[in-house]
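Trainee: I would like to learn how to read the fold features of a model. Please take me through one.

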Amino acid sequence: MIMVNAFQSIRTKLLKVITESPTIKTFILDCGGEFEFKTGQFVEVGLPGVGEGPFTPSCSHYTKNPIEITIMKVGYMTSKIHEAKEGAEVILRGPYGNGYPLEDFEGKHILIVGGGVGLAPLRSLFLTLVHDLNKYNGITACFGARSPEDLIYKEQLKEWASIDGVELHLSVDRVPEGQNWSGNVGVVTTLLKPLSIDPDSTVAAVCGPPIMMKFTSLTLLEKGIKPSNLYLSMESKMYCGIGLCRHCTIEHYFVCKDGPVFTYDQFENPEAIWA
Ligand SMILES: Cc1cc2nc3c(=O)[nH]c(=O)nc-3n(C[C@H](O)[C@H](O)[C@H](O)COP(=O)(O)OP(=O)(O)OC[C@H]3O[C@@H](n4cnc5c(N)ncnc54)[C@H](O)[C@@H]3O)c2cc1C
């Protein structure tokens, strides 16, 4: 097993790159040994001479090597990572923060709601839960994307839908000409409204763009999910990743140290956290 302290990076080798959508790729990294993390935690990933950024592994936490990171191209560093070729050296440090408290999920129905690249940490959660599916009372996953070509993990989603105990619902915001889609069209909350769930025995995990997380949270609360059972995987501008620089604070929390997974009731004014 690889031991990394908070300040130590390891050099990994990029084994394979999978194109998930026009802007999102999954990077498979050989860590040279077992890399331990808890689902929902994040790592700092970078290229020598370029920089680094926080990303959540998208594989199950039972997959210790190679690990998978799914990255959307949004700026300088992520563009450079998207250009990296198999065999490249990728720097990794972590893991950091708090993951999902899976012991609190046991015996409950798990509702997973994701949008866009927010499916990355939720893929990790989903695959980790599926590993011990008998511990949970089934999984419902509702995933959305802007358009059919923006939906990631397409082939895997078909496999997930066929797992006993798993219910999968997909939606896209719109279907541009030339793209095929036979499923639901509308924002991801349109999938939630008709769902029949027992709010008292359901735990929800949400990750996606801030606007999606805001309205998904409100819809889930309306459906009776308890704020303490509503888990939000938060993103915030982050630099040090270890609770020193204060760039990532939301209310009095450091997202890097106290999160990135929070429950809705941890925030004093949750309506105001979606900057
Ligand atoms: C805990 C955590 C986990 C994350 N996990 C993933 C993941 O699994 N996959 C993934 O693709 N991305 C993830 N992100 C976001 C990712 O870290 C940023 O998109 C990346 O660092 C941007 O680097 P850049 O140099 O390419 O962009 P920059 O040049 O720094 O910025 C380009 C644009 O992206 C915006 N941006 C930059 N960082 C963030 C951020 N953290 N949140 C929202 N907008 C941002 C900027 O405002 C700007 O508009 C995560 C962020 C956090 C805090």
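Mentor: We will go from the overall form to the sheets and then to single strands.

Mentor: This is a predicted model, in which local features need pLDDT of at least 70, side-chain atom pairs count only at pLDDT 80 or more, and totals for chains, interfaces and linings use all residues. Residues are numbered from 1 along each chain as its sequence is written, and side-chain values use heavy atoms, with hydrogens and water left out.

Trainee: How many helices and strands are there in the chain?

Mentor: Helices (H or I, at least four residues) and strands (E, at least two) are DSSP runs, numbered from the N terminus. The chain has seven helices and 15 strands. Its radius of gyration is 18 Å, close to the 19 Å that the globule rule gives for 275 residues, so the chain is as compact as a globular protein of that length. The radius is taken over C-alpha atoms, and the rule is 2.2 Å times the number of residues to the power 0.38.

Trainee: What share of the residues count as buried?

Mentor: Buried means under 20% relative accessible area, exposed over 50%, and partly exposed in between (1.4 Å probe, protein chains only). Of the 275 residues, 52% count as buried.

Trainee: What share of the contacts with a separation of 6 or more comes from residues 24 or more positions apart?

Mentor: A contact means heavy atoms within 4.5 Å. Residues 24 or more positions apart account for 70% of the contacts in the chain with a separation of 6 or more.

Trainee: How do I read the order of strands in the open sheet?

Mentor: Strands of a sheet pair through backbone hydrogen bonds, either parallel or antiparallel. Two strands count as paired if DSSP finds at least two bridges between them. Here seven strands form an open sheet in the order β10-β9-β8-β7-β11-β12-β15, with mixed pairing. Its edge strands, β10 (184-185) and β15 (261-263), each pair on one side only. At the β10 end, two bridges join β10 to β9 (residues 166-172), and these strands run parallel. Ser171 stands opposite Asn184 in β10.

Trainee: Which strands pair with β2?

Mentor: Six bridges join β1 (residues 10-19) to β2 in the antiparallel sense, and a hairpin connects the two through four residues. Lys13 stands opposite Asp30 in β2. Strand β5 (residues 67-72) also pairs with β2, antiparallel over six bridges, and Lys25 stands opposite Ile71 in β5.

Trainee: Why is β2 described as largely enclosed?

Mentor: Six of the seven residues of β2 (residues 24-30) are buried, so the strand is largely enclosed by the rest of the structure.
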